[in-house]
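Biologist: Please take a close look at the run of paired strands in this model and the helices that link them. I would like to know how the strands pair, what covers them, and what sits in the connecting loops.

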Amino acid sequence: MEYTRLGDSGLKVSRICLGMMSYGTPKWREWVLDLDASRPLVRSAVDAGITFFDTADMYSAGVSEEVTGTLLGEMFADRDDYVLATKVFMPSGEGPNDRGLNRKHILASIDKSLRRLGTDHVDLYQIHRWDPTTPIEETMEALHDVVRAGKARYIGASSMYAWQFAKAQHTAELGGWIRFASMQDHYNLVYREEEREMHPLCLDQGVGVIPWSPLARGRLAKLPEERTTTRSSSDPIGDRMYTEADDAVVHAVADVAEARGVPLAQVALAWMLHKDAVTAPIIGATKPGHVEDAVAAADLELSDEEIAALEGPYVPHPVLGHE
């Protein structure tokens with residue numbers, strides 16, 4: 001496994017990040033695995049050298065954080081041997097302040113997350129979305145206080161417009177507060193709109209990019225006629241985000257994969273890892289082969305001709321994933 005810095009920070013992370021949304025309770029989503037079913041998959045990731053793990057307080061209504069804390073506690077002898085990330089923003093209760101990025105919610109949420117994770121700090125505390133109802137000054141100062149209290153080492157952001165991200169970073173600089181070290185955005189071979197504004201901004205500002213849904217919710221892992229998983233057959237969000245026009249990209253991936261003799265997922269992830277802006281894609285794994293494909297992708301060198309063939313069929317999209 002290769003390790004790299006998260007943007008211009010000194011934090012070292014594995015080139016593959018394991019997304020923990022798939023682990024928690026199937027009561028939340030039917031494709032989610034419980035603790036016992038999750039254990040061998042996380043074990044395979046750890047054995048492969050993955051040291052970067054991403055969850056959120058909303059996943060399985062908090063159970064994902066509990067599972068994450070339990071499994072990482074079992075598999076690592078020292079808390080400093082892995083990088084743990086979680087997020088705040090989404091509703092965590094019925095009250096008017098149980099959501100968003102106001103100071104009250106941020107400070108309450110970090111404590112609840114730490115209790116569920118069974119640790120005294122997270123390495124990366126991320127805002128899950130942009131909050132238009134809270135002044136960005138309030139949000140950035142609260143996140144700064146979380147870091148200064150020792151409850152987080154770094155802060156990160158997730159899907160938003162580039163102007164919003166630039167505003168947040170500038171606000172932090174003006175206030176003398178901690179700036180975001182990372183951007184977790186929606187990016188993959190069939191959704192490349194982040195290349196227009198966000199990724200150039202991150203490269204210029206030394207911000208690490210850790211894309212979510214690098215396989216487009218599994219669409220880049222199988223040909224359209226082969227999508228038969230529980231998630232792909234009941235995925236209204238994915239159906240809104242992607243269309244049949246994207247299938248041409250999937251077929252291009254299949255052509256390169258066939259020529260190379262490797263699974264489609266390896267090719268799609270290898271393409272992403274060739275991008276200068278990308279630090280570590282966040283992969284989901286519900287079967288053992290998912291981890292192996294992701295790890296192998298880090299060693300798959302694509303030619304300029306293959307990259308051009310993969311990118312050629314791309315169809316521009318409206319901005320997706322900020323909601």
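**The parallel strands and their crossovers**

Modeller: V88 stands opposite I127 in β6. The model is a predicted one, and the pairing described here is computed from its atoms. β5 and β6 run parallel and are joined by four bridges. Together with α3, these two strands form a β-α-β unit of right-handed sense.

β5 is a covered strand, with six of its six residues buried. The cover applies to both faces: V83, A85 and K87 are buried on one side, and L84, T86 and V88 are buried on the other. β5 also pairs with β4, again in the parallel sense, through three bridges. Within that pairing, D54 has A85 of β5 as its bridge partner. The connection by way of α2 gives β4, α2 and β5 the form of a right-handed β-α-β unit.

Two loops around β5 hold residues with unusual backbone angles. Most residues other than glycine have a negative phi. A61 departs from this, with a positive phi near 50 degrees. A61 belongs to the loop that joins β4 (52–54) to α2 (63–75), and its relative accessibility is 67%, so A61 counts as exposed. F89 also has a positive phi without being a glycine, here near 155 degrees. The loop that holds F89 runs between β5 (83–88) and α3 (103–117). F89 has 16% relative accessibility and therefore counts as buried, the cut-off being under 20%.

On the other side of β6 (residues 122–127) comes β7, and the two strands pair in parallel over four bridges. V122 is matched with A152 in β7 as its bridge partner. β7 has seven residues, five of which are buried, so the strand is largely enclosed by the rest of the structure. The link between the two strands passes through α4, and β6, α4 and β7 make up a right-handed β-α-β unit.

R148 is a residue of helix α4. R148 has a relative accessible area of 59%, which means that it is exposed, since the cut-off for that is over 50%. In the chain R148 and I178 are 30 residues apart, while their C-alpha atoms are separated by 9.1 Å.

β7 pairs with β8 as well, in parallel and through three bridges. A157 has M183 in β8 as its bridge partner. To get from β7 to β8 the chain passes through α5, in a β-α-β crossover that is right-handed.

The helix of that crossover, α5, covers residues 162–175. Its 14 residues should span 20 Å at 1.5 Å a residue, and because its end C-alpha atoms are 20 Å apart, the value agrees with that expectation. The buried residues of α5 are A162, Q164, F165, A168, Q169, T171 and A172. An α-helix has 3.6 residues a turn, so residues three or four places apart point the same way. Such spacing can be followed in the buried set, for example in F165, A168 and A172. The packing partners of these buried residues are α4 (136–148), β7 (152–158), β8 (182–184) and α6 (198–205). After the helix comes G176, with a positive phi near 70 degrees.

The wider nonpolar packing can be added to this picture. The largest nonpolar core has 91 residues, and the members that touch the most others are L18, V42, F53 and L220. Nine residues of this core come from helix α10 (residues 264–273), which gives the most. A second core is separate, has 12 residues and includes L6, L11, F52 and V83. V83 is also one of the buried residues of β5.

Last, the cysteines. A search of the whole structure turns up zero disulfides. C17 takes part in none, since the nearest cysteine sulfur, that of C202, is 16 Å away, against a cut-off of within 2.5 Å. Conversely, C202 is in no disulfide, and the nearest cysteine sulfur to it, that of C17, is 16 Å away. C17 has a relative accessible area of 0% and is therefore buried. C202 has 1% relative accessibility, so C202 counts as buried.

Notes. Residues are numbered from 1 along each chain as its sequence is written. This is a predicted model: local features need pLDDT of at least 70, side-chain atom pairs count only at pLDDT 80 or more; totals for chains, interfaces and linings use all residues. Side-chain values use heavy atoms; hydrogens and water are left out. The expected span of a helix is 1.5 Å times one less than its number of residues. Buried means under 20% relative accessible area, exposed over 50%, partly exposed in between (1.4 Å probe, protein chains only). Contact means heavy atoms within 4.5 Å. Two strands pair if DSSP finds at least two bridges between them. A crossover is right-handed if, with the strands pointing away from the viewer, the path from the first strand over the helix to the second runs clockwise. A nonpolar core is a set of buried Ala, Val, Leu, Ile, Met, Phe, Trp, Tyr and Cys residues joined through side-chain atoms within 4.5 Å.
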